[in-house]
Amino acid sequence: MDTFVSLGQGFLVALEPMKLLYALIGVFLGTLVGVLPGIGPALTLALLLPVTFKLDPTGSLIMFAGIYYGGMYGGSTTSILINTPGESASMITALEGNRMAKSGRGGPALATAAIGSFVAGTLATIGLAFFAPYLVALAIKFGPEDYFALMVLAFVTVSATFGDSPLRGLTSLFVGLALGLVGIDILSGQSRLTYGVPELLDGVEVTTLAVGLFAIGEALYVAGRRHVAPEEVEPVRGSLWMTREDWARSWKPWLRGTALGFPIGALPAGGAEIPTFLSYNIEKKLSTKPEEFGHGAIEGVAGPEAANNASAAGTLMPLLTLGLPTSATAAILLAGFQQYGLNPGPLLFAEKPDLVWGLIASLFVANVMLVVLNLPLVGLWVRLLAIPQPWLYAGILVFAAMGTMAANPSPVELMMLLIFGLLGLMMRRYDYPIAPMVVGLILGPMAEAQLRRALSISLGDPVALVQSPIAATLLAIALAALVAPYLMKGLDRFRATED
Amino acid sequence: MSLFHRAAMRGLLAAAVIVGAGSAFAQSDLKIMAPAAPGGGWDGTARAMQQALTGAGIAKSVQVTNVPGAGGIVGLAQLINQGKGDANQLMVNGFVMVGAILTNKAPVNLTQTTPIARLTEEALAIVVPTDSAIKDAKGLAAAIKADPAKVTWGGGSAGGVDHIAAALFTQEAGADPTKLNYIPFSGGGEALAAIIGGKVTAGVSGFSEFEGQIKAGKLRLIGVTSANRLANVDGPTIKEQGINLEITNWRSVVAPPGLTAEQTKALTDIVKKMNDSPQWKELLKQRGWDAAYLDGEAFGAFLKAENERVNKVLTSVGLVK
Amino acid sequence: MNTDAGRRSVDTATLVIGVLLIAGAETLRRDAAAMSGGIATYGIGPTAMTYVVAAGLGILGLGHLLAGVRSGAQEREGIDLSAVAWIGGAVAALIFGLDRAIGFIPGVTLLFAATARGFRNDRSLAMSNRLAALAALGFLLVLGIPLLGVALPIAGLKPALVVVGWISLALLLAGLFWPPRTQTGLKDAAIGFVLSLIVYLAFTKLLTLSLPQGPLERLL
């Protein structure tokens, strides 16, 4: 009951007209900056942090919330419209979203992303308000072996992005894993595959790979095949809005995405990417039209987008209750808190309840604001695709290069962007799936680090990997996901022979 | 998680300045390079200096640039190669850079710069989960002596100040530092979660990282690594418990190579004036930094001594060959 | 699949990729083998993952060799290389230009115009395309040799490379405005200029983000 009262007071703060204006400005600015590829929510927040300093703590936190959600939504917009993921967690969105946009269904794709984000954000914020202490207690129990098991599960789902050839899909995945080796090995401090280039010591940046493969690779491919197979983009075909069928196919993925994203986001090392991978895989398995996957299935946008947003609210949980910044965004929020001499942590709820509840309430407000602001804009966004092709792609290239320049100033980074662009061209030409490479780069280093931490703690005893009940359960699910399709096939065959 | 960490770094690289961009600035301007992403410790120091220098009217304008990468080595290389002889340029650095240079076999070295002054330091803290059987530094030392491999340490990146402190503690406890079982985590949050969750035996990091958790009763403070007890902290030093460990994470400023004695003195004077200004003192209080001003030859000697000490420790744990 | 399969019974592209993968696996293996032990490791060390990935790449490489022989020759539709040269050259020009401090606005303007030109690609404009291809080749040298130089340090080459870079830049510009498409080229460049100017001002003035400066940017 206390929670309700506190939350009510939070809303009283967040709903003052001036505060609403801050939220609106925040959402608007966040969307505007978040649209730039390579500039995800974390960088958007970092860039706009100084803007919020001029306000009082509550006002600035409310604007924070707006920028945060705006930045997340901006990232998916570019994924869908121009196949340029703004951040690693919206990479999966690009897979189906961009296919939809190219076949004139950009409107529904953007709408299901926006409403899905809203649904997920709202549910996850409710979860944050009511269950934070319990979930955090559970999250803390996760050890390296449990994370490793979670990543094994995520690896199993990669095959959903393989397309029709396991050989080519695995090749893409392993090249990604190899790229993940580059740089300083976090556990031993030694450098791998850097060949004396200091810029490589920090490793290959995920957004550089994703933007290079997706955006630049695509520009090269489309330009190179203009005479053979001119790309036909229809900005709008059919309804700009979601149809009854779209709704019917979207609402379950939203809920499932939320259910995946929120708890995994709450884990100190869970992340936003893993839930999107899991969600994509589940939606593909459960879809009534699995054949549409790879050609623009709305479930493949709705689920991962919801998962991505729910995990964002999930990361706030360890931050607010324990003071643990477990994501880039959370780290910046922490910096924002500290500017006002606030230290998130076990004492924050007790010491500054009005502020915490104000923030939680403003997350709701920002969420509503986002939908209100963006749904009318969907039509305008989609019109972007009507820009003449030379200018559209020239613009995409400019934005891609700019995001990289703003995020990392070195020529080495731009060079990588170019090399990955050419690689993306070759992969399209020879029909290799692109997503597994990015997945490999994301998951490889994480899985390796957790495995080695677990084994270091157990002094090399591999039994430790399955001793924890959490790890054992996750590994069992992974195994089931891996062999179930074959069993089913065998069973079908068995039945067929019986007939 | 390394990904988060990297994303955070990138995320914060916002204000970074492109390498090799021109440098046509007026003579009266001062430039401070933070060889790290905005938001981190070195960046915080650089921006605090900017605030104090302009606030106290010591410099007309101060520009902070960020050159992130590889524990500061990318920035250091730029200072040495492109900043040579630039009497308006300063760079923030600290303990971590000493280790990074050694472990990465960097082609550049801190001795190639012109040392200006040490500014601040922060003590590290060694903690254990509240329900741990280990109560104090002696207990921890005894456990290490029994079997160093079974005492797992959680902290920051390999070769960093946390790692070095753990190695020194092991050595002082009378065990073989090569047997140290140190588990680096890339984000502060992840390391804290592992320590609170009891996944590792002990944790070591900057005192401020643990402060909230110690106050909340989730972590037990074994000791701080400073020479004397910290003000406002109810906890012993490691040293007074009979383990001869004294290490702090210091931050300092250096200038490019190739400066004349007058230029060096002018820069030192500017930094000294800043250090004495009320604005700087106020900032130290706000951020909870401990002043540790040291300049001139004493600072040069200090740098050299730290370099030797770090080299020895890192060699003993096998990070430097 | 296709009628020529009988004559050329292997798929060259798949074979080449297979060989590249095996070469990649060998590179990884060597890197791991060269690592010098290091800190005390309980469990597995920093080389284990490298060996696993190397083994995976090696197996996949063999798989490609097998598939290349089994599948027979595949016919693939061609790629217009001059379009690739325009766009790849544009990004390379940006990298070279930023390294030489020409600044953000001119660099991005060039990127925009050359990319747009790649999409306007018209085979009748062979001369202009040839210039772009030459420029791309020049940039390949300028950016590629230092990359290789990491492994084989080539001293004294740098000034020559810079000259090649400037010549390539000039070739790309000449290609852009080669008649009869001068007008379109100018129009593209104008749009690129306005776009980059807006972006530059928004980033540096509103977001206080530093972008590369050249002579032009210092005036702003």
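Tutor: Let's start with a word we'll need: for angles between axes, under 35 degrees counts as roughly parallel, over 145 as roughly antiparallel, 65 to 115 as roughly perpendicular, and the rest as oblique. This is a predicted model, where local features need pLDDT of at least 70, side-chain atom pairs count only at pLDDT 80 or more, and totals for chains, interfaces and linings use all residues. Residues are numbered from 1 along each chain as its sequence is written, while chains are lettered from A and ligands numbered from 1 in the order in which they are written.

Student: Okay! At what angle do helix 4 and helix 15 of chain A pack?

Tutor: Helix 4 (residues 57-82) of chain A and helix 15 (residues 353-374) of chain A pack at about 40°, with axes 8 Å apart. Axes are lines fitted to C-alpha atoms, for helices over the stretch in contact, and angles run from 0 to 180 degrees between N-to-C directions. Helices here are DSSP runs (H or I, at least four residues), numbered from the N terminus, and strands are E runs of at least two.

Student: So which word fits helix 4 and helix 15 of chain A?

Tutor: These two helices of chain A are therefore oblique to each other.

Student: Which residues meet there?

Tutor: Among them are L61(A), A65(A) and Y69(A) in helix 4 of chain A, and L359(A), L363(A) and A366(A) in helix 15 of chain A. Contact means that C-beta atoms, placed from the backbone, lie within 7 Å. The contact divides into 12 nonpolar, seven polar and no charged residues. Ala, Val, Leu, Ile, Met, Phe, Trp, Tyr, Cys and Pro count as nonpolar, Asp, Glu, Lys and Arg as charged, and the others, Gly among them, as polar.

Student: New topic: how many residues do chain C and chain A put into their contact?

Tutor: Chain C gives 60 residues and chain A gives 53. On the chain C side, helix 3 of chain C brings the largest share, 10 residues. By class, that side of chain C has 39 nonpolar, 15 polar and six charged residues.

Student: What is the mean pLDDT of chain B?

Tutor: Chain B averages 79, with 88% of its residues at 70 or more. pLDDT is the predictor's confidence in each residue, from 0 to 100. Over residues 1-27 of chain B, pLDDT stays under 50. Where pLDDT is low, the predicted coordinates should not be read in detail.

Student: And what does chain A average?

Tutor: Chain A averages 83, and 92% of its residues score at least 70. Among its elements, helix 3 (residues 41-53) of chain A has the lowest mean, 68, and helix 8 (residues 166-181) of chain A the highest, 93.

Terms used: Contact = placed C-beta atoms within 7 Å.
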